[in-house]
Amino acid sequence: MGVYEELTARGLIAQVTDEKEIRELVNSGKAVFYIGFDPTADSLHVGHFMALCLMKRLQMAGNKPIALLGGGTGMIGDPSGRTDMRQVLTKETIQHNVDCFKEQMSKFIDFSDGKALMVNNAEWLLELNYVDLLREVGACFSVNRMLSAECYKQRWEKGLSFLEFNYMIMQSYDFYALYQKYGCNMQFGGDDQWSNMLGGTELIRRKLGKDAYAMTINLLLNSEGKKMGKTQSGAVWLSAEKTSPYEFYQYWRNIDDADVVKCLKMLTFLSLEEIDELAKLEGSEINKAKEILAFELTQMIHGREEAEKAQEAARAIFGSKTDTANMPSTELTDDDFTDGEISILELLSKCGLIPSNKEGRRLIQQGGISVDDQKVDDVLKKFTKADFEKGYVVIKKGKKKFHKAVI
């Protein structure tokens with residue numbers, strides 16, 4: 001089975017421009033492909049993880065990946081999948097985020113000996129002359145066709161800014177520049193990027209008279225059709241500082257039964273034969289497959305030692321043991337206490353367990369919060385330092401999320 005056939009079997013491929021040509025290139029290891037990452041935060045998240053997995057699979061098959069960091073496009077903001085305009089970031093923030101991305105990617109993709117490239121589109125986009133761009137590139141795009149693109153449709157209600165409207169042209173120019181600079185003949189990305197990617201292949205054809213190809217991968221959606229990688233407290237990050245290895249492990253350990261096999265196929269490097277065996281598990285035995293999924297993904301991002309710690313902590317907690325050594329924790333200081341007290345809502349917020357006080361009140365009223373095994377039913381409840389007599393309290397949110405608040 002070639003790598004293209006494996007991608008198909010794993011349910012990764014969504015759309016392709018030229019299936020025969022793409023299959024031949026990737027199976028023979030002759031693809032020089034790029035995937036773009038706009039630095040909108042100081043860490044990659046689960047949404048990027050799919051793209052990293054794809055890059056790694058193709059690199060293992062001999063193909064050459066280019067990780068394109070969007071130092072230029074990040075100054076515009078991708079409207080795809082958005083109902084509102086992204087926050088406009090400063091150059092300094094974008095550069096900081098780019099540096100963070102580089103460090104994370106280097107742990108996952110092999111950039112040694114020219115096996116992969118990492119480039120920043122600020123190199124060419126920030127030097128463009130606007131009038132030259134309009135004459136040389138703008139003439140290749142039909143406004144009618146651009147307005148029909150799926151990536152813009154969700155922006156109609158609140159209004160699509162001219163700034164965002166230019167994003168397709170910028171992404172298309174990236175492909176055009178990479179083709180000329182590095183012989184990049186393919187672009188891969190999420191299925192919501194299809195229109196932008198087609199713009200790039202068309203620009204290369206019209207300006208250079210050459211063929212270039214595009215392939216999108218299916219978005220990571222749960223059984224309800226919603227994007228995975230989000231929690232009530234926000235995104236699931238690849239940075240251990242933003243999402244601890246334990247929290248990362250627990251996210252995958254607690255996904256719905258219906259999503260386990262799909263995630264094993266799309267995200268892990270277990271063989272399809274191993275996954276087929278796990279797919280036969282039923283009832284409570286499915287938890288074994290969830291543990292394997294969570295361990296494999298945590299190991300890939302945080303290393304085997306952290307994955308083992310997370311698994312041990314999870315098993316200890318669910319086995320009603322008292323070991324809290326590897327439980328995610330938050331350190332409280334004297335400043336967090338007012339007159340020697342901290343409210344339950346402040347405690348939950350400080351520990352990152354709620355996105356808002358409104359959500360905290362809802363959880364408490366529904367019986368979803370316990371502190372040291374005592375259900376909290378008063379939204380005004382306060383804790384004194386005396387309540388932390390053992391140096392910490394353990395907060396339980398719902399049935400599966402535990403957090404240690406340390407004083």
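**Exercise 1. Work out the order of the strands in the open sheet that holds E9, and find its edge strands.**

Solution. Begin with the order, which in this open sheet of five strands is E9-E15-E14-E11-E12, with mixed pairing; strands here are DSSP runs of at least two residues (E), helices are DSSP runs of at least four (H or I), and both are numbered from the N terminus. Two strands count as paired if DSSP finds at least two bridges between them. The edges are then strand E9 (329-331) and strand E12 (374-375), each of which pairs on one side only. The model is a predicted one, in which local features need pLDDT of at least 70 and side-chain atom pairs count only at pLDDT 80 or more, while totals for chains, interfaces and linings use all residues. Residues are numbered from 1 along each chain as its sequence is written, and side-chain values use heavy atoms, with hydrogens and water left out.

**Exercise 2. Describe how E14 is joined to E11 and to E15.**

Solution. Take E11 as the starting point: strand E11 (residues 369-371) and strand E14 (residues 392-397) run antiparallel and are joined by three bridges. Within this pairing, Val-371 has Ile-395 as its bridge partner in E14, and Ser-370 stands opposite Lys-396 of E14. Next, turn to strand E15 (residues 401-406), which runs antiparallel to E14 and is joined to it by six bridges; here Val-394 stands opposite Lys-404 in E15. Finally, look at the hairpin of E14 and E15, where three residues lie between the strands and Gly-398 takes a positive phi near 65 degrees.

**Exercise 3. Lay out the open sheet of six strands and place the helices H10 and H11 on it.**

Solution. The order of this open sheet is E1-E6-E5-E2-E3-E4, and the pairing is mixed. Its edge strands are strand E1 (13-16) and strand E4 (117-120), each pairing on one side only. On average, neighbouring strands of this sheet are turned by 25 degrees against each other, direction ignored. As one example of the pairing, strand E3 (residues 64-69) runs parallel to E4 and is joined to it by four bridges, with Ile-66 opposite Leu-117 in E4. Helix H10 (residues 167-182) lies across E2, E3, E4, E5 and strand E6 (213-217), and runs at about 145 degrees to E2, where angles are taken between N-to-C directions from 0 to 180 degrees, and axes are lines fitted to C-alpha atoms, for helices over the stretch in contact. Helix H11 (residues 194-208) packs on the sheet as well, touching E1, E5 and E6, and its direction makes about 170 degrees with that of E6; contact means heavy atoms within 4.5 Å.

**Exercise 4. Characterise the aromatic pair of Phe-33 and Phe-188.**

Solution. The structure holds seven aromatic pairs, where rings of Phe, Tyr and Trp (its six-membered ring) pair if their centres lie within 6.5 Å, and planes under 30 degrees apart count as stacked, over 60 as edge-to-face and the rest as tilted. Phe-33 and Phe-188 form a tilted pair, with 5.1 Å from centre to centre and 35 degrees between the planes. This pair links distant parts of the chain, since Phe-33 lies in strand E2 (residues 32-37) and Phe-188 in strand E5 (residues 186-190), 155 residues apart.

**Exercise 5. Explain why H13 counts as roughly parallel or oblique to its partners H15 and H3.**

Solution. First, helix H13 (residues 260-267) packs against helix H15 (residues 286-302) at an angle of about 30 degrees, the axes being 10 Å apart. Therefore H13 is roughly parallel to H15, given that angles under 35 degrees count as roughly parallel, over 145 as roughly antiparallel, 65 to 115 as roughly perpendicular and the rest as oblique. Val-260, Cys-263, Leu-264 and Leu-267 of H13 meet residues of H15 including Ile-286, Ala-289 and Lys-290.

Second, the axes of helix H3 (residues 46-60) and H13 come within 9 Å and cross at roughly 50 degrees, which means that H3 is oblique to H13. This contact is made by Phe-49, Met-50, Cys-53 and Arg-57 of H3 together with Lys-265, Met-266 and Leu-267 of H13.
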